[in-house]
Amino acid sequence: MPMTEDFLRFPHQMWEKVLSKVKKAVVFMDSRCAEALHWSGGAALLLEAGARNLKEFSSFEACAENEPKAVFVVSTLLKGRTIDVIKDIISLSHFQYCVVITTVAHSVHLVANNVTTEMEGNPVFEQFEEKLCEWMGNMNYTAEVMHVPAVFAPVSQQLLLTPAFAHLFPLLFPDLEAINTKRPEKKRFGSLVDMDMNSLPVELQLEIKSLAAVLNAMFEATGTREESFAVGPMSRIIAGELAGHPQAKNRRKTAPNKASIIFVDRTMDLTGAVGHHGDNLVEKILTVLEPLPGHVTDIQVDMLELTSLQRTPHSTNILAPGCLAQTQSPAAQALWETMLTSKHKEGVMEVRRHLVEAASKEKLPIKMGLGRVTPEQLRSYVQLFRSRPGMLESHCGVLQLGLATAQTLRHPIMPRWDACLAFERLLLQALGDSDFTAVLRQLLPLMKPRRGEDDTLILLLVYLYSLADEAQPSDQDAEEEELEKLERELIGQLTLVITQEQHLSPLLQKLTGCDTPEQLTMEQAHAAAEGLFETLRGLSQTRDHLKQLRSVYTASDGVHQATYRPFLRQVLEEVFHPDRPECPDIEYMSGGLTDLLKTGFSMFMKVTRPHPSDNPLLLVFLVGGVTASELRLIKEAVSTHKPGSQVLVLSTRLLRPTDIAELLFATPRLSPDIGV
């Protein structure tokens, strides 16, 4: 029987293959592979395995004459810019031995090189080995090129992330329009559901094929035969690609274990991703603290309070930041699991308990506090360890998580969280009482310069548009005309707000394509606002193709307030329902031709399709990211509906609310960086 532990071991098994090649080598690694390594043990693993140094994968890096061996670890195809960087580094160095490890499978390299026939061996890798020798200047030197799917980051006992696919996001309606413009009029798609793999841009096809190959490798390593299910257009395409993966057929015939995997599009529920109703400490930490440079998931923790340094404008650059990934300390790992999958209050209490235990263990003069945990109290516990090197080393992991919590609780943005939550609840109530235009009009007074709070305005727009279909129906023609007029007014106001900003947030930088306010013109801001609303208009239709799970909203009944119903909870309720009903929206994708034949004969005979709860292990893959609150939701759903069930969450990234806005409004959306 497959266990979650088998899947959690898989990332470490892949890094062991990389480690076997790094002895006496300088390792060059791109940021996405570095992030996966970060959650598996970090650079220390490479150094303990004998690596001489670890450097950024950049054309500006090189090695000295006494460093003859290099290992390159990349998350991209061995094409284009990736090849250029490798060639640049080799030409500036004196290598005699080069190893190139890519996380992209050889089968995807064949497709990228327009090879449609199956070929023996790894000809693309073999040709590249010759190129490496040529660049090193001697064909007798040693070159190795191989594929190792080291893409998973084991963030917790419940969650595996894939930083290499962090920007893979479900298709949106502007994407449909972009694809249709390149197709003959008679062959244009009516909706996102009609699209298939071959209709997608080549870069996106290659990324999906690469993801399917990685998942296949994971199932291969764990001896698992998967039953795939999908909810949403992008999930259907990914699940279909996995089902048809050429190397999976033999595995499915002989694999001793079975598991179900459900792919779910993030766009099925954007309300939960941008809303503030998640009562979770980690979600707040990710929202208010700065990201760790070069990372998608982790954040940086200010460590100055653990030293005797004075706080000055330059002191933050003296110390390396702390982070959330604590792979060396069992106590810190246990604390992190609780913070990630518990309610906010429980998480904070657990942080205090771990700090008190650490201080007591070291016999430090701790003053016990009762009642509510305050950031000042947590800081006072942490500062007991200041300038005590031995103690700092022993409890570094717990101290970093404690500091992250204290810095979050006292952050000036935190009061805004509660204000946003209150306003979202008002909007939820209004949706049951008014038409969409009337509810949207309530945002108009907020459209004024708010000193860096533009991100909040944009998130509120996403929140509201994703619920537009839940509003009270009205005269459709009249409302459409009124809505168009109101949107023009909102676009004008938002344009004015953006141009009056003295500092552009990362979201506004991506939205406008400008790094500073000085670069931004009124025309650019207006075009960005128009593009934003073009995307927003399609958000309410993302569940239109569903038959049963169409709503994430429960209207007020006069006694209870209107509430948001998480889509993921509804999916899990269907999966764990004791009567095992067949949900038409959870589509079985592993049947292929056999399943189509059964469907055709279903009018003559009873056909029983596989159910996600048939197998002992359930994998839930959120395409486009998962929130920390959803991890808690999944844990609670399992304990409520099917205690003891094994459920593992896979996703492209752990989301903060602004991530959703960046992914929704990123341009160009259909060209992921896979190194083509």
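**Exercise 1.** Determine how helices α14 and α15 are oriented relative to each other in this predicted model.

*Solution.* The two helices are roughly parallel to each other. To reach this result, begin with the geometry: the axes of α14 (residues 344–361) and α15 (residues 375–383) come within 10 Å and cross at roughly 25°. Next, apply the cut-off: angles under 35 degrees count as roughly parallel, and the crossing angle of roughly 25° therefore places α14 and α15 in that class. Finally, assign the handedness: α14 passes α15 in a left-handed crossing.

**Exercise 2.** Identify the residues that form the contact between α14 and α15, and classify them by character.

*Solution.* From α14, the contributing residues are Val351, Arg352, Leu355 and Val356. From α15, they are Gln377, Leu378, Tyr381 and Val382. Sorted by character, the residues of this contact comprise six nonpolar, one polar and one charged.

**Exercise 3.** Describe the environment of histidine 344, and decide whether this residue is buried or exposed.

*Solution.* First, locate the residue: histidine 344 is found in helix α14. Second, consider its accessibility: the relative accessible area is 16%. Buried means under 20%, so histidine 344 is buried. Third, list its neighbours: leaving aside residues up to four places away in sequence, histidine 344 touches Asp279, Asn280, Leu281, Lys284 and Leu409. Fourth, examine the side chain, which makes a polar contact with the side chain of lysine 284 at 3.4 Å.

**Exercise 4.** State how far histidine 344 lies from alanine 112 in sequence and in space.

*Solution.* Along the sequence, histidine 344 and alanine 112 are 232 residues apart. In space, their C-alpha to C-alpha separation is 46 Å.

Key. Residues numbered from 1 in each chain as written. Predicted model: local features only at pLDDT ≥ 70, side-chain atom pairs only at ≥ 80, totals over all residues. Heavy atoms only, no water. Axes fitted to C-alpha atoms, helices over the stretch in contact; angles between N-to-C directions. Helix = DSSP H or I, 4+ residues; strand = E, 2+ residues; numbered from the N terminus. Parallel < 35°, antiparallel > 145°, perpendicular 65-115°, else oblique. Left-handed = near helix turned anticlockwise from the far one by under 90°. Contact = heavy atoms within 4.5 Å. Nonpolar A, V, L, I, M, F, W, Y, C, P; charged D, E, K, R; others polar. Buried < 20%, exposed > 50% of the residue type's maximum accessible area, 1.4 Å probe, protein only. Polar contact = N/O pair within 3.5 Å; in protein donor to acceptor, adjacent residues only side chain to side chain.
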